[in-house]
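Visitor: Could you take me on a close look at one part of this structure, the place where two of the chains meet? I'm a first-year student, so plain talk would be great.

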Amino acid sequence: MKRFIGFLKKEFYHIFRDKRSMLILFGMPIVQLLLFGFVITNDLKDVKMAVVDHSKDEYTSEIINKITSSGYFKLVKSLDGIAQVDELFRKGETKLVLVFEPDFGKNFIKGSKASVQILTDASEPNMASLEVNYLQGILQNYNLEINRGKIVPSQISTQTRMYFNPNMESVYMFVPGIMATILMLVSAMMTSISIAREKEMGTMEILLVSPLRPLQIILGKVTPYLFLSFINALVIVGMGYFVFGVPVLGSFALLMAESLLFILMALSLGIFISTVSDSQQVAMMLSMFALMLPTILLSGFIFPLRNMPVPLQIISHIIPPRWFIIIIKNIMLKGSGFEFVWKETLILIGMTAGFIGLSVKKFKIRLE
Amino acid sequence: MNSTVSINNLSKSYGDVSALKEINLNIKSGELFGLIGPDGAGKTTLFRLLATLLLPDSGSAALCGFEMVKEYRHIRNILGYMPGKFSLYQDLTVLENLNFFATVFNTRIEDNMDMIRDIWVQIEPFKDRPAGKLSGGMKQKLALCCALIHQPKILLLDEPTTGVDAVSRSEFWQMLKGLKSKGITIVVATPYMDEANLCERVALMQSGEILSLDSPSGIIASFEKDLYSFEAKDTYQLLLNLRAYPFVNSVFLFGQSVHYTDVRDDFVLSDLKDYLKSKGQDHVEIKQIAAGIEDCFMALSQQNTVQK
Amino acid sequence: MNSDKKVISVRNLTKKFGSFTANDDLSFDVYQGEIFGFLGANGAGKTTAMKILCGLSYPTSGEIMVAGLDVYKQREELKRNIGYMSQKFSLYEDLTVFENIRFYAGIYGMSLKDIKLKSDDLLKKLDLVHARNKRIGELPLGWKQKLAFSVAIFHNPEIVFLDEPTGGVDPVTRRQFWDLIYEASRNGITVFVTTHYMDEAEYCNRVSIMVDGRIEALDTPEGLKNKFDAKDMDEVFLRLARKSNYKE
């Protein structure tokens, strides 16, 4: 035990004295989160909007008034029909079109459903979804105002159609995505580099010649990163919640347990990478190309999986973050319990066991 | 206590290159033993085999009676090993490094102070400095301390004095003498021929083979030829002239002088003087000298190539 | 062999890094065809001074002429007139022998025809004709070093700087290497060797020994040994270095 603590102490010295490590460990998660977060939740101002009003009554004009006076939207054009919409979007003259059905006012007063349609240019998906959210909010408010004191509530039902990117995922996606990226980076890349560094500097030679067993060396190298990665997971979820209002609808304990599992998986992957690389540079390249790029590209973090070519979709099945992102998305955003994520959890457990097995087999007690 | 190293027919190759060719060697308990040879002689390979870091292709070795391959765990407890490259944590301070290696061997610095005191006092003033910021000589002293912290019975030092200036080198050898008095078996590898004289016995190595195994004086005594030292104003011309002499056996530059041996056993110096005079070198100083380790190494190495 | 023509002339060279003085008021001359040993412990200031002489860094003060050129104003001409070789950096391991020669000679503006002619002569002399198209990485260390030196003087520089050229080489190969150096010196090339291997110093015509940024001794190896009553250069160096305030 004293040996183990001695080893841990040494590892923490390494980490805390290396500015680069510290930056990756603590600067990176915060910067990434802020970047993604603010790029997405940028406030709206004067979004160019067009209107197709088939009803042209007092209610529609009141609604248009409300919308334009909010400051978020600016009316640039009144159209006769939706035929021109596509062209307008392509020219970039408007980002959003609001379509009122014929007899909107009548339907509204009668208490039956009155419909508006929102058309958006979703080639900038995050902005589009944000615009829609704002617009829906304004309509909702108006609805509440009108209904005050009424027995049979009037209702505006909105139908949204996103042009160019109909399957757009939730804006909150970035938190699970960043969590997967950061945990992968910290756990896998940092461990593999730190073990490869011992090889490169020749210190591994001395550790091997000492009575330390391979398992002791591995545990000593991995424990600090397990600890630091877990802190990172907390920071990311915390920042998501407090800064960006990303909710944790499901069980917090389950979320953390799944994160720990993912960290373990990444750590064992990191050890595995280190067993096949002799220098920090190789470890870095391997981690970058074998881990970071797939995590970002093939996990469904940024690009929706279902839009990918089939071969890539198949490859994405062996990318661990894919499963982790599904798990946390379910727990955080949908509030699902374990009964909905056990399959993905099992896959991660299987991967972890596989990598640990491979690493133990590959980690040598000698130099060759 | 029996801290011997015995090596039987040990061979190791990397692909097509054979780094060690059937080495046989017995090192006595408490001996200060030198492996002398240039880069590529196989010194590091031999050390890594003994340190249980590599597996041999054939042959065997035992340290303190423990078999190198099967009983590697025992060996790792009694062995102190200092690799050729500086192998400590550069970002850890001197004291942190030493502390770490003490805990690795489940011991404490205080318990082993007797062993390292002489060396430790020299680096203690810098104990809070990161190891990476020490000078070459100081690094070697710290590495030696770390290799000694668990009181090993056998110490393997791979080129501890390479790249270290002359002052630190001589200090380092002083420390090794001190350690020898504590009964540790010390095996030192070095490319410096002149360091052979500081060992009790040496093995001269080249291309994976042992050319000679003896005490330094024994090796020198086995130098068969009469050796002459020539000095002239133009050393290079002297060298060229001697090289062109029909009866030359060997001729090597040694600084400003040239060492010469002749193929004939009944060789008359005046013949050679006349020859040089005919080449226009009148003022040549000639004296018969005793061979040094370097002379022996070159003679042995040439014999070895001729035999092949 | 040695002429009176000064190839390197250093007067009051001082180089400071902040408050640290790496070179403290150095003055010395090196003559054409001379093999000049520039010795000192690690950190004595050898490398700093050599960088200045090669035109890689400016001195803080002092008058320095190398190959008749001013190191302040004529750095580009200077670089064309010197050769450089060190044990650490010399040839590209993944290029063949001829590709290396062609590359280095090309840098100095030699025509391909000249390069071919001269490299054939060179390979014949070094007994490396069969290795013309072999990669450097496949050659034994001794051959690499001999080749590296030959490449460093391929463009006939006035001076060649050697940075610890022969550490770790076997004694026979080392002497072959020094053979080449003597030959170059005879052909009028000045050889400037920095090293902390004292046995290399014995081969030089004159050596200077630096301690703590200052030149403490400058003479022939013979003269130094006599002056310090020492049996070899190692002992000379120990006397000098110990005398200084040797400290970390």
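Guide: Here is a walk through the contact of chain A with chain B, with a stop at a cavity and a glance at chain C. Keep in mind that this is a predicted model.

Let's start with who takes part. Chain A brings 28 residues to the contact and chain B brings 33 residues. How much area do chain A and chain B bury between them? It comes to about 2,900 Å², with 57% of it on carbon and sulfur atoms. If you wonder about that way of putting it, the size of an interface is often given as the accessible area lost when the parts come together.

Now for the charged and polar links. Between chain A and chain B there are 2 salt bridges. One salt bridge joins the side chains of A:Glu205 and B:Arg48, at 3.2 Å from N to O. There are also 11 residue pairs in polar contact across this interface, both partners having pLDDT 80 or more.

Which elements of chain A give two or more residues to the side that touches chain B? They are helix H1 (2-17), helix H7 (174-201) and helix H8 (203-209). The largest share, 8 residues, comes from H1(A). Sort the residues on chain A's side by class and you get 12 nonpolar, 5 polar and 11 charged.

Next, hunt for a hollow. The structure has 1 cavity of 30 Å³ or more, and the volume of the largest cavity is about 170 Å³. Its lining is made of 19 residues, and A:Ile206, B:Tyr81, B:Met82, B:Cys146 and B:Ala147 lie nearest the centre. Two or more lining residues come from each of these: H8 of chain A, plus strand S6 (79-82) and helix H5 (136-148) of chain B. By class, the lining has 13 nonpolar, 5 polar and 1 charged residues.

Chain B has another partner to glance at, chain C. That contact takes 30 residues from chain C and 37 residues from chain B, and the two chains bury about 2,800 Å² between them, 54% of it on carbon and sulfur atoms. The count here is 3 salt bridges; one of them pairs the side chains of B:Arg243 and C:Asp179, at 2.8 Å from N to O. On the side of chain C that touches chain B, helix H6 (171-186) and helix H9 (233-243) each supply at least two residues, and H6(C) gives the largest share, 8 residues.

Terms used: Residues are numbered from 1 along each chain as its sequence is written. Chains are lettered from A and ligands numbered from 1 in the order in which they are written. This is a predicted model: local features need pLDDT of at least 70, side-chain atom pairs count only at pLDDT 80 or more; totals for chains, interfaces and linings use all residues. Side-chain values use heavy atoms; hydrogens and water are left out. Contact means heavy atoms within 4.5 Å. Buried area is the accessible area (1.4 Å probe) that two parts lose on being put together, summed over both. A salt bridge is a side-chain nitrogen of Lys or Arg within 4 Å of a carboxyl oxygen of Asp or Glu. A polar contact is a pair of N or O atoms within 3.5 Å; within protein, one must be able to donate a hydrogen and the other to accept it, and residues adjacent in sequence count only if both atoms are side-chain atoms. Helices (H or I, at least four residues) and strands (E, at least two) are DSSP runs, numbered from the N terminus. Ala, Val, Leu, Ile, Met, Phe, Trp, Tyr, Cys and Pro count as nonpolar, Asp, Glu, Lys and Arg as charged, and the others, Gly among them, as polar. On a 1 Å grid over the protein atoms alone, a cavity is a set of points where a 1.4 Å probe fits but cannot get out, and a pocket is an open set with protein on both sides within 12 Å along at least five of seven lines; lining residues have an atom within 4 Å of a point. Grid points are joined across faces, edges and corners, and a volume is the space filled by probe spheres set on the points.
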